[in-house]
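Student: Can you walk me through this protein model? I'd like to start with the ligand and then look at some odd spots in the backbone.

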Amino acid sequence: MTQHFIVIGNPIAHSKSPEIHAQFAVQAEIDIRYQRQYCPDDAASFTAVIEAFFHGGGVGANVTIPFKQIAYDCCAARGGLSEHAKVAGAVNTLLLNKTLLDSGAPIAEAIYGDNTDGQGLVNHIMSLGWPLQGARVALIGAGGAARGTILPLIQSGIGALTIANRTVSKATSLVDELSAASENINEHAIETCAMSELTGAFDIIINATSIGLSGDRLPLSDGLSCQYAYDMMYGRTLPFLEHFTAHDAQISDGYGMLIGQAALSFERWTGHSIDVLAATEALTGN
Ligand code: NDP
């Protein structure tokens, strides 16, 4: 039987998710239909769209800009949230909470939210063979993407985390908020600093800012170095990666993170594990 999935966003025409999930379905040898779903940018429309989708027999949905926080609020008031979604304050994966359905809850009250973005990044870094255990990691940025990455990074066994942001107060508030929300984070000392003050030798530096959209360069200090540099952006020339290539670091853009988060959603919905490197190779020819 064909299983139905959607990705909800605004705009949505650019989304690569249907092609990615079609590739996963080929690998898992199952029959799926995965479609882009446009939605007007308001909470009432979002709720109406997802309720109609699940009432119509839909199995799972991805959520993208600008609905990740709206999806969080919606699930918090209905079928619940995973720990990763709670800490991220955002939902990128929707499914039905079977326990609630079995106890007689209506479909609309059983819509459950997870967040696979941060774990998708960690899985990609591991698949690249970059050592995370005990690693000294710098995360640049304190927006939604950085936030979702902190718990999975800590759970991966890193040794030390420094968060640098243009607006340092946002990094400090983020750490305070997440430490209050999660014991896993509270037990881990996280340093924060202004981007211009980030200096010294790190094992891994991750760019979670949106500066790559403009093609501008981050004001990186001369004293900053790393073995591995990761930019969450993809699909364009990234000055951040050019900088660290020139300093002999190994680099990666965020395309593998995109595939990694999608693979975790797919596994959550269908129970099929995905060989992410094989899927990436099939999608990119690399
Ligand atoms: P947000 O808008 O939530 O956060 C933006 C961050 O970038 C903030 O920390 C902001 O700093 C910083 N920033 C923006 N412009 C500049 C600048 N000119 N100089 C220095 N810092 C700047 O964005 P998201 O967290 O949602 O996304 C961040 C990036 O991650 C995007 O490029 C996005 O495409 C990518 N991403 C990739 C994914 C993937 O699967 N590969 C998944 C999710 C996101 P300040 O606080 O000071 O404003």
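Tutor: We'll take the ligand first, then the backbone, then some single residues.

Student: What should I know before we begin?

Tutor: This is a predicted model, so local features need pLDDT of at least 70 and side-chain atom pairs count only at pLDDT 80 or more, while totals for chains, interfaces and linings use all residues. Residues are numbered from 1 along each chain as its sequence is written, and side-chain values use heavy atoms, with hydrogens and water left out.

Student: OK, the ligand. How many residues surround the ligand?

Tutor: 21 residues surround it. The closest are A142, A145, N165, R166 and T167. A residue is near a molecule if one of its heavy atoms lies within 4 Å of it.

Student: Which classes of residue make up that shell?

Tutor: The shell has 11 nonpolar, eight polar and two charged residues. Ala, Val, Leu, Ile, Met, Phe, Trp, Tyr, Cys and Pro count as nonpolar; Asp, Glu, Lys and Arg count as charged; the others, Gly among them, count as polar.

Student: Where is the ligand's oxygen 2.8 Å from a side chain?

Tutor: At N165, where the partner is an N or O atom of the side chain. A polar backbone atom of A142 is 2.9 Å from a ligand oxygen. K170 has a polar side-chain atom 3.3 Å from an oxygen of the ligand. A polar contact is a pair of N or O atoms within 3.5 Å; within protein, one must be able to donate a hydrogen and the other to accept it, and residues adjacent in sequence count only if both atoms are side-chain atoms.

Student: How much of the ligand does the protein cover?

Tutor: The protein covers 75% of the 940 Å² of accessible area that the ligand has on its own. Those areas come from the Shrake-Rupley method with a 1.4 Å probe; for residues, only the protein chains shown count as cover.

Student: Which elements give two or more residues to the shell?

Tutor: α7 (144-155) and α11 (255-270). Helices (H or I, at least four residues) and strands (E, at least two) are DSSP runs, numbered from the N terminus.

Student: New topic. Where are the cis peptide bonds you mentioned to the class? I have N10 to P11 on my list.

Tutor: The bond from N10 to P11 is cis, with omega near 5°. P11 sits in the loop between β1 (3-9) and α1 (17-28). The bond from I65 to P66 is cis as well, with omega near 5°. P66 belongs to the loop between β3 (60-63) and α3 (68-76).

Student: Which residue other than glycine has a phi near 70°?

Tutor: D248, and that phi is positive. D248 lies in the loop between α10 (239-245) and β11 (250-252). E29 is not a glycine either, yet has a positive phi of about 55°. E29 is in the loop between α1 and β2 (32-38).

Student: Is E29 buried or exposed?

Tutor: E29 counts as exposed because its relative accessibility is 71%. D248 is exposed too, with a relative accessible area of 72%. Buried means under 20% relative accessible area, exposed over 50%, and partly exposed in between (1.4 Å probe, protein chains only).

Student: What about S182, buried or exposed?

Tutor: S182 has 2% relative accessibility, so it counts as buried. S182 is in the loop between α8 (168-181) and α9 (183-186). A polar atom of the S182 side chain lies 3.3 Å from the backbone nitrogen of N184.

Student: Now helices. What happens at the start of α12?

Tutor: Helix α12 covers residues 276-284. At its start, a side-chain oxygen of D275 reaches to within 3.3 Å of the backbone nitrogen of L277. After α12 comes G285, with a positive phi near 75°.

Student: And T47, which helix is that in?

Tutor: T47 is in helix α2 (residues 43-55). The T47 side chain reaches the backbone oxygen of A43 at 2.9 Å. T47 counts as buried because its relative accessibility is 18%.

Student: Why do residues three or four places apart point the same way in a helix?

Tutor: An α-helix has 3.6 residues a turn, so residues three or four places apart point the same way.

Student: Last one. Is C74 buried or exposed?

Tutor: C74 is at 7% relative accessibility, so it counts as buried. C74 is in helix α3. The C-alpha atoms of C74 and G113 are separated by 8.6 Å, though the two are 39 residues apart along the chain.
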